[in-house]
Structures are given as structure tokens and as C-alpha cells.
Number of protein chains: 4
Amino acid sequence: MSLNTSARGVYAIAPTPFHADGRIDHGSIDRMTDFYAEAGCSGITVLGLMGEAPKLEPEESVAIAEQVIRRSTLPVVVGVSAPGFAPMRRLARRSMESGAAGVMIAPPPALRSDEQIVGYFSQAVEAIGTDIPWVLQDYPLSLGVVMSPGVIARIVAEIPSCVMLKHEDWPGLEKISTLRSLQATGRMRALSILCGNGGLFLDLETGRGADGAMTGYSFPEALVDLVRLAAAGERDRAHDLFDAHLPLIRCEQQPSIGLAVRKYLLMRRGILASDTQRKPSVCLTARAIAEIDYLAARLARHDERAGVFLQG
Amino acid sequence: MSLNTSARGVYAIAPTPFHADGRIDHGSIDRMTDFYAEAGCSGITVLGLMGEAPKLEPEESVAIAEQVIRRSTLPVVVGVSAPGFAPMRRLARRSMESGAAGVMIAPPPALRSDEQIVGYFSQAVEAIGTDIPWVLQDYPLSLGVVMSPGVIARIVAEIPSCVMLKHEDWPGLEKISTLRSLQATGRMRALSILCGNGGLFLDLETGRGADGAMTGYSFPEALVDLVRLAAAGERDRAHDLFDAHLPLIRCEQQPSIGLAVRKYLLMRRGILASDTQRKPSVCLTARAIAEIDYLAARLARHDERAGVFLQG
Amino acid sequence: MSLNTSARGVYAIAPTPFHADGRIDHGSIDRMTDFYAEAGCSGITVLGLMGEAPKLEPEESVAIAEQVIRRSTLPVVVGVSAPGFAPMRRLARRSMESGAAGVMIAPPPALRSDEQIVGYFSQAVEAIGTDIPWVLQDYPLSLGVVMSPGVIARIVAEIPSCVMLKHEDWPGLEKISTLRSLQATGRMRALSILCGNGGLFLDLETGRGADGAMTGYSFPEALVDLVRLAAAGERDRAHDLFDAHLPLIRCEQQPSIGLAVRKYLLMRRGILASDTQRKPSVCLTARAIAEIDYLAARLARHDERAGVFLQG
Amino acid sequence: MSLNTSARGVYAIAPTPFHADGRIDHGSIDRMTDFYAEAGCSGITVLGLMGEAPKLEPEESVAIAEQVIRRSTLPVVVGVSAPGFAPMRRLARRSMESGAAGVMIAPPPALRSDEQIVGYFSQAVEAIGTDIPWVLQDYPLSLGVVMSPGVIARIVAEIPSCVMLKHEDWPGLEKISTLRSLQATGRMRALSILCGNGGLFLDLETGRGADGAMTGYSFPEALVDLVRLAAAGERDRAHDLFDAHLPLIRCEQQPSIGLAVRKYLLMRRGILASDTQRKPSVCLTARAIAEIDYLAARLARHDERAGVFLQG
């Protein structure tokens, strides 16, 4: 299962499950891996920013990637972003040897000019090896690195092993249209585009030519349905479903606190045993939890998969 | 009508209407001013960031403020943020002499430490005069300046003329709770808190103790209703209304392109004659307009005030 | 005297002289204008960042530019950077009609990608008119906008009226070499490159192909001599002179406080009547003044033009 | 040898020596450790930002710290900054068990408000243990975190194990004076203040009350002499020495390329076997090397410790 430019659907950005004392929770990893497959996802991405990757030790990162790959019936993408190329290479090659479908690389925050950006990814791919299919992560809000459609097209042209864009620019709709137009007019080769940002614009992104989503929203089934409905031309139904989830999507999409919301919801859904994050981290107050519960109970009226919150 | 700490409800952040050639559109200013009153707003704020204030000449700023103040039956707040204190003072005093209720000041982007922030506002208020009631604008996403509850409490304590917080931190719910708790325990005097961010969390902010909203969403009537329903304890109905508007609120809340969406919707609603922005600016593509029209037509099914979009 | 790509030598970045009460000091403007010519400068640049341009009213900016142009025997460049294109155009055209040699434009801080940068300058030049020679200001430390040699070459290629680069990247030596190499191999047309950063690397920049300096160091005669010595191949003597000035150059090159140092030195040299800055501003403490006096007195042992500080 | 508030003199920020293939060069580590003692340093700091710490594996960091501690006759400070508290604790405790004198912690780049800053260090110290003396790193240019004297005083008051400030604010002279004034008036307890920024203002910092330097300039002997001369009241001689080194100090103090200059000079001085950095990294061009050689040869005329460059 090697990642390629025809990837579509929903790739779940997996959180890293911890026990209350901060140890990795291997039981929850298996449960979560199974859950994503049952939810209809097309793939799983581990060790992303939302996976608290920078707080893991190298051996932990390898262990998590290997466990998910072993357990999963879906292709697994492994986030390998690192300040140095040597550990990036090590994690990338270990993951591929263990059966990963590809890796994901985010640009370091210091990059500014197109030249710096293209140069960085060229060197990174030289470091990990040109045989590993990889996902280009484009997340300016969090990383501060802005990639124009032109620089993405240059990366895609110069580095054949780039097969997918994890698109989470904001605003980002025109970027998808521009990239698809570059592709349609032969100025860029094919590229899978999966959207992030927690799904906050997925209702519109599908209409712009996105192939789906790569994000960690705690109800991935809804994203799967949304992508399917959009592909089937059921625009109104897709929006009806999306609108029911939007109040919660918005809560998960907040900086810093968003991961706490996401882990809490996954815990309440029975997928994670604990919503613990490694420190330093931000916790939900009782007030915040009550708000999330209320919004999730409202969602349950439209989507039975939130049923657990009705009694909550 | 002097602004004070008991202000509540919805203060509309007014855009600046331009003709297609970039001249100020005085006819639309009057229409817009009337519209906000009819919409049930409690006040109007002109010359904010969303009012394209940095693109106006000093005499234009004065003229716009004076026209809205003259026309309005509601209290008017005038944004007076400026790189130099002399022009800040001039606009502030001219506005107050013309009948403004107060002014609003945003911190310049370079401020970082609490000391720098408190120092800046102390000097600014010394410059404009301690007799002018003013609104503290807290907008980290756009300005890059982070104000903790503690630094807000210090400003409120040290500068008696500060009567209101325009709160648009993100995430921001805990900040409201913390400020209200400081107030309840006597560690901060009373302060009006109106929320911005286009209303993206207004459904929850009212429950945290916000007094309402100060934002520019193109359906201010909905925000007025929401604040009223929340105050009346009609929580479910408030959320029902909010959820219907959230897909559009989210579109207006995008950086850079959000103002184009807002001006377009206000134009379609017949309030602005043109959705022109002064250059440099970002325009909506035909594709983006079609998406907005579609979302607004969906809204019309729940809120008749969007009825104009049904035939669109 | 129209600015063109053959400009060389030292263009003085002029501060804006104020009286102690913040009014513009026209007497000092004339004295300063004369001083720069006597110092051997090749040109004068007014209304730059160090000229406190954002704190001036539009009519003041025009008046300052016109006074310097009228008085000066040297070509005058006018900084026209502004948040809106309409005022940028107005100041640019007024200045050229009054006899300016050209204008200078800095990128707004929000720009990130090459596309955004090239697009901004294209639109700006469309706004001011393609007939006005202009200087591209490249100052990442202060503006946060990073321009690679490639994006500068694109701007130069696409916009014929760009005749000069005000280079103040840091580190910046390789950028000069790269640009000159692009030029030597026919991949970029001729461009004047004058260096900023207070002259902090001017000793080395001349060896890399810079045509001189555009900066505001309070001893412009020293920069003039340095550029002349370097051009004459007197490398050691150029460095000897530079090294004597470096302790002071370093002090003027500090963010925020640097302008206070510069204005103080120009006041002590008898050029400005007052070292007042418009508020908000940072002032020198007595301790800081004593340090500057000490360093300037040390300089006087090597350069008699600092003689006034020996009795200080 | 436990670090305490009476520390003074020069603490050398040690680079991490690598072989040309990126492996750690243990021979150079020993040579470098001995060199710093011979140079008259008072201590050594390993695994700082300039030590390429983020590019090291955890076991490598431990090994480097242990080797330097074992070899050194001077107190050793270990940089333990990390995205997660668990690895921070592990490295801190392992280092102290091996004989480190203390650790150094830099704030993560996202911190803005005083509250966030104080909160972060409180949690970090809770994580590593309150028994470990630590150095507060204040480096806004590189980290983007601004700490006012007030917030430093709060940290010092609330966290007794904070014994030293590594001061590298820019401009930073007034900060030293303010801290010493807080101390003199009993509003802050004693604190060692060692200055960084490559020594760029060390000539003036000693006069403001700094206890010395903690920086990595490749001629630490010169900094040792400077601190000694300043302490002995030999102001002119201190400045004479400083001025001779300033042209090179300035080159090492550049962002990104500065470390390449530093490693090159240490290699040419015979201390490092190679100037290799781990990738991604910036390299010196032949042109840049020639410039450094020339400046170092000029230095040799004033300071015989640069003699090796005379024949270069």
C-alpha cells in the first residue's frame, strides 16, 4: 500500500493516546486504529502536530508508527518532521520498512521565501531518500510558512516523490482552484489534495476539487459521509450533515485548546481510555466540558453517532 | 450618550462604504447607519480594522465619523488607532466634540510584554485625554499582541477611562470567565465585555458573561436576537438561530477575504451600493460568490432576513 | 535628476527633525539638507522608516519632501510606503512634480510568498504610475518580509521602473554576490544596490559589488570615505576607518533605541536643533547618553569629525 | 560545583563538534573542553541553541553532557530546553547526577503574555525538580519571547531555583540597569547576569552591572580579559581590546550564518577538527571565508591569539 497521487477520501489524523500518567496507551492505539477503519476512513496519519509528536522520544515515535502500521488495514502515513535531517531519515526509513504507505513533512517555521521553501524540501527528500512517497504539509496558521500555488507547483515539479498536499491554508479555497487549474492546463502534474483545518471548510473544498480530507475531527464518519455525498452530487445533503457538525468542528479547530476538545470527544466516544496530553498542555475546564457536552447532545439530534452524548 | 461600563447588546462594526472608484460613498453611510438602528443594534463602531481605517486620509476619517454620529440615533464608537499619538489625539477629540460616545484603541503589533502593553495604553490615554471613555481592543490573531486577563485587569485598574473590552482572543472563552471572576471577587472593577471574531463563538460567549457582541457580521439582527434569547434563558433557541448562521459567520471570519464576503453580503442586502474595497485588497472570484450565494440561500430557509438570496 | 540604475555613493537616510513640542523643525531640515551635501553624499532619502514617516500627517509629508527637494543640490528619494495605494500615489506624484529623483517603497509586513511580494509591487507601481523610478526596500529584520535574490530578479524583470535595491537583509553578503552574478550572466538587468543596516557590514558589502550605502548613520562623511577608499582599492585604509566607527554604528543599528542614538549624535554635531521624536518613542537615559559620549570621544581620536565630543 | 547567584566571568557556549559525516566528534569535545579552561573561562554551557541541540538524539545529548562534565574542571551548565517536559526532566536529572552545575531553559516561541511566561517556567521547574539550579534564557531575537524586567523579577521571586539570567535582549542595556536597580532597592533578590548576543555589547554591559558573559565567541580569552579589565576599572583598555574584536564579533552574531563563522574560526584555531554542522545548515562560501580570514588577520595585529591567521 504505497501512497500515490490517486489517494482520496478521509485520512484520519490520529492523536497519540496516553495513560493518565503520560505513558503511551497501547490499548487505545489498537482501538483507535480499528475505529478509523470502521468509520470508513481511507487512511491514517500518525505523529502529526496534533499527535504531539514533538513531545515523543524517538523510540516512542517508532513504536507508535509500527503498532498502527501492524494493526491497520488502511494505508498509514507517518509524520517525520524534525529539526535535523538525520532523525527525519531514520524515522522515515524505519516506518517504510515497517510498511508505512508514505511520510509527511512540514516546513520549519523559519522558512519565508519560495527559494528557502523549495530548497528545504529538496534537501529533506535527499536526506530521507527519493523513493519514499511523501505528503507536503501546508499549514500557515500554525507554522507561519506561506506556500503559494506557484511554490507548491515548483515542489511538485522538482520532487517526483511528492504525491499529496495536506492543504490547510486559511483562507484556502482559491488555492485549491488554482492548483487544479494548473493541473488541468498541464502546468502541474497530478497531485492528491486532502484538506485539513479540522474540516472547517470541507463542505466547500470538495466543490473546489479537493480529493477529501486529512484531519482529526472526532467524528471522522461524518467527514467520510460528506466526501461521499459531495462526490455523488448530493450537495444539499452534504451541507445538511456538515452544518450539524460545524459547531463542534469549530471548537476542535481552535488553536491550543482544540486538541483537548478532540481527545475529550474521542474519550467520551469510547475510543481513547483517557484524554491526557503530555505536558506542557492546556486542559478543559468543567465549564468548557459542559459546553462541549451540550453541543454534542445537540448534534445527536441530527447524527445518531453522537448518541452517547444524549444521556451525558 | 457617553460610553460606559454598562453597555450591552450588539455594537455593529461598520465597514467603510466606497464607490466603485474608491471615493467614499456617503449615501451608503447614511443607509448603513439607519440599518444598524433598525436591526436592533445598541451602538455602532466606525473606523475599525474592518473599516479599512489605515487606507483613509485623516480628513476622510473625521468626515466619516462625523456623518455617522450626526445620522445615528445610537451611540457611536470611533476607532482612533494610529502609529502616532498626535493624530490619535486629534481624531479622538474631534470625534468626541462631534458627539461620539467613546473611542477604540488597538495595540500596535510590536508590543509583547505586559509592561509594554500597559505602558502603551497609559501613554495613549495621556495623549488623547483622560476624559474620553475608550474601548480596549484585544485581537491577537490579527495584531499579534497577547493580553492576559491579568494585563487587562491592570489596564482597567490603572486607567479609569477604559470602559469596555472588545474581546476577540481565540480561544477566548476562559478569558471571559476569568475576567468575570476577577470582577466578582473584587479584583477588577466592572467592565463591559463585547465579543468580536465575527461572532464565531457568540453562542457560548453569552454563557460566559459577555455583555454582547461588537462585530461586523452582515446579519446583525441575528446577533441581536441571539444575545436577547441568551439573556432570556432561551438557550436552545439561541443555538438554533446561531447554527443557521454559522456557515456564513465562518466565511466572514476568514483573514483577508472575510471583509470581501461581508461587503458583498451587505451589498446584496441593499445596504451598501457597492462592495468595493480600497486597494490593495482581495476580491471574490465568481466561484466564491456562488458559494456565498448558496450558503445565504440555505440560511434563508431558517431566517427570512436572508430571503433576498432565495431568488439569487 | 532622475534616479537610475547607475546611482552610487552614499544616499543619506534623513531623520525628520522635530521641535521639542513635536512640531516639524524647518530650520533643522535646511541645515541637515546642506550638511548631507557637504558631507559628500550622492543623494538624500526622506520619509523612510527612520524618518518617522508613519507618525506624519499627509500634508506634513508633502511639505517635508518639498522643502528638502527645493533646498537640495543632490537627488532626493521620497519614501512613499503607505497602507493604501491612493495616498501612496498622491505622495509619489506630488514629490515627482516637485522635483524628486525617485521614490522608495517597502513591502507591508503581511507579505510572505514570492507571488504575494511580486504581486504587491506590481500593483503599487500600477497605482503610482510606471514612469516613476523607484527603490525596492528589502528590510526583513524590521518588516518581516523575506525577498530571495530570485524574487528580486523577478521584480526587476517585470517592473522596468525599479532602478535600485535598498539592501538591508541580515545576513546579506551572499545576496549581493548572487544578484551581481545574476546580472553578470545576463539573468538580471543592471540595478543599483545601496546597503542599509546603518552600515554595519559596509566594509564587506563594497567588496561584494554594492554601489554604496543608503543609510542614516550620523557620520555620513565616514561612509562616503569608506566607499571611496574601497573603490580606490585601499582596502586596509577603508577597514581602519570603518573599525573606528563600528562601536557607534552598532549602537545606531539597534532596533527601537537606534533612532534616539542617531538623533542625539546629529544634535550634538549641530545639525539638528533637538533630538525629539514624535510619540510613542523611546528615549535615551542619562546613562545611555554618557556611553554614547564616551564612544564618540574615543572615535574622535581616529576621526577628527567627531572632535566635538572630545570636550563633551 | 553547584551553580549559584554569585557566578561571574565568562561561561563559554560550546558548539557541538561533528565529524564531516555528521557523527559526534568526541576528540574535539575533549580538546574544546580543555581549551575553555585554558582560556580562563569560569564555566561551560553545552547543548544551547548554538550547540545544535534540536538536531541531537536524546542519547547523544546525554553523552555530550556527560563527556564535557567528566572532562571539565569548570562548572558545566546543560541546556535542557525541549517541547515536552518529560524529556526535559530526563536530561536535567541525568545531567545533575553526572555532575552538572545547573541547567538552562529557554522559553518556547509561542509564549507572549507575562502570565504565560511565568506559568511556563513554573511548570518546567515543577517538572525537572525544584532542587536543580537553572539559568533563564532571555533571547527575544531568536525565540520571539519578550521578557520585561518585571516578568524576570516575578520568575526570580516565585522560583527560588532560578540563579542566573542569560541576558541577550537587544537593545538590552537598560534591562540590566533596571534589574540591578530592582535588586538594589530590595525588590528582587540577587541574580547572576551573564550576557549573550555573541558579546556585541559586552563593553557596555559590564558597566551596567552584568557579571560577565555567557556566549560562544570564538576568542573567549578576549571576553575573559575584557571582563577582568572592566572589573579592574581599566575602561579604556577594555574598550581597546573590544574594538579590535568587534569586526569579528559582529560576523559571528549574524543569524543563521553566525554559527558557521564561529565553527570555522574554532577549526582554524585548532580546537575543532571540522566545522561541520548537522543538516539542515548554512555553509560559508569561499568568498565569506576569505573575508573572515582577512578580518582575523587584521585582529592578529592587535591580539596575538589570532596569530594563526597571519599566515592564512
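**Exercise 1. Judge the confidence of chain A and of the complex in this predicted model.**

Step 1. Take chain A: its mean pLDDT is 97. Step 2. Check coverage: 100% of the residues of chain A reach 70 or more. Step 3. Turn to the whole complex: the predictor assigns an ipTM of 0.97 and a pTM of 0.97.

**Exercise 2. Describe helix H2 of chain B and find what its buried residues pack against.**

Step 1. Locate the helix: H2(B) covers residues 58-71, 14 residues in total. Step 2. Check its span: first C-alpha to last is 20 Å, close to the 20 Å expected at 1.5 Å a residue. Step 3. Apply the burial cut-off, under 20% relative accessible area. Among the residues of H2(B) that pass are B:Val62, B:Ile64, B:Val68 and B:Ile69. B:Glu60 and B:Gln67 are buried too. Step 4. Find the partners: the buried residues pack against helix H1 (26-38), strand S2 (43-46), strand S3 (76-79) and helix H3 (85-97) of chain B.

**Exercise 3. Characterize the interface of chain D and chain C.**

Step 1. Count contacts: 34 residues of chain D touch 34 residues of chain C. Step 2. Get the area: about 3,100 Å² is buried, with carbon and sulfur atoms giving 55%. Step 3. Find the top contributors: D:Trp170, D:Arg250 and D:Tyr294 supply 21% of the area chain D buries against chain C, more than any other three residues. Step 4. Count the charged pairs: there are eight salt bridges between the two chains. One joins the side chains of C:Arg208 and D:Glu291 at 2.5 Å, N to O. Step 5. Add polar contacts: 19 residue pairs qualify across the interface. Step 6. Assign helices: H10(D) gives the most to the side of chain D that touches chain C, with ten residues.

How values were computed
Residues numbered from 1 in each chain as written. Chains lettered and ligands numbered in written order. Predicted model: local features only at pLDDT ≥ 70, side-chain atom pairs only at ≥ 80, totals over all residues. Heavy atoms only, no water. Helix = DSSP H or I, 4+ residues; strand = E, 2+ residues; numbered from the N terminus. Expected span 1.5 Å × (residues − 1). Buried < 20%, exposed > 50% of the residue type's maximum accessible area, 1.4 Å probe, protein only. Contact = heavy atoms within 4.5 Å. pLDDT = per-residue confidence, 0-100. Buried area = accessible area lost by both parts, 1.4 Å probe. Salt bridge = Lys/Arg side-chain N within 4 Å of Asp/Glu carboxyl O. Polar contact = N/O pair within 3.5 Å; in protein donor to acceptor, adjacent residues only side chain to side chain.
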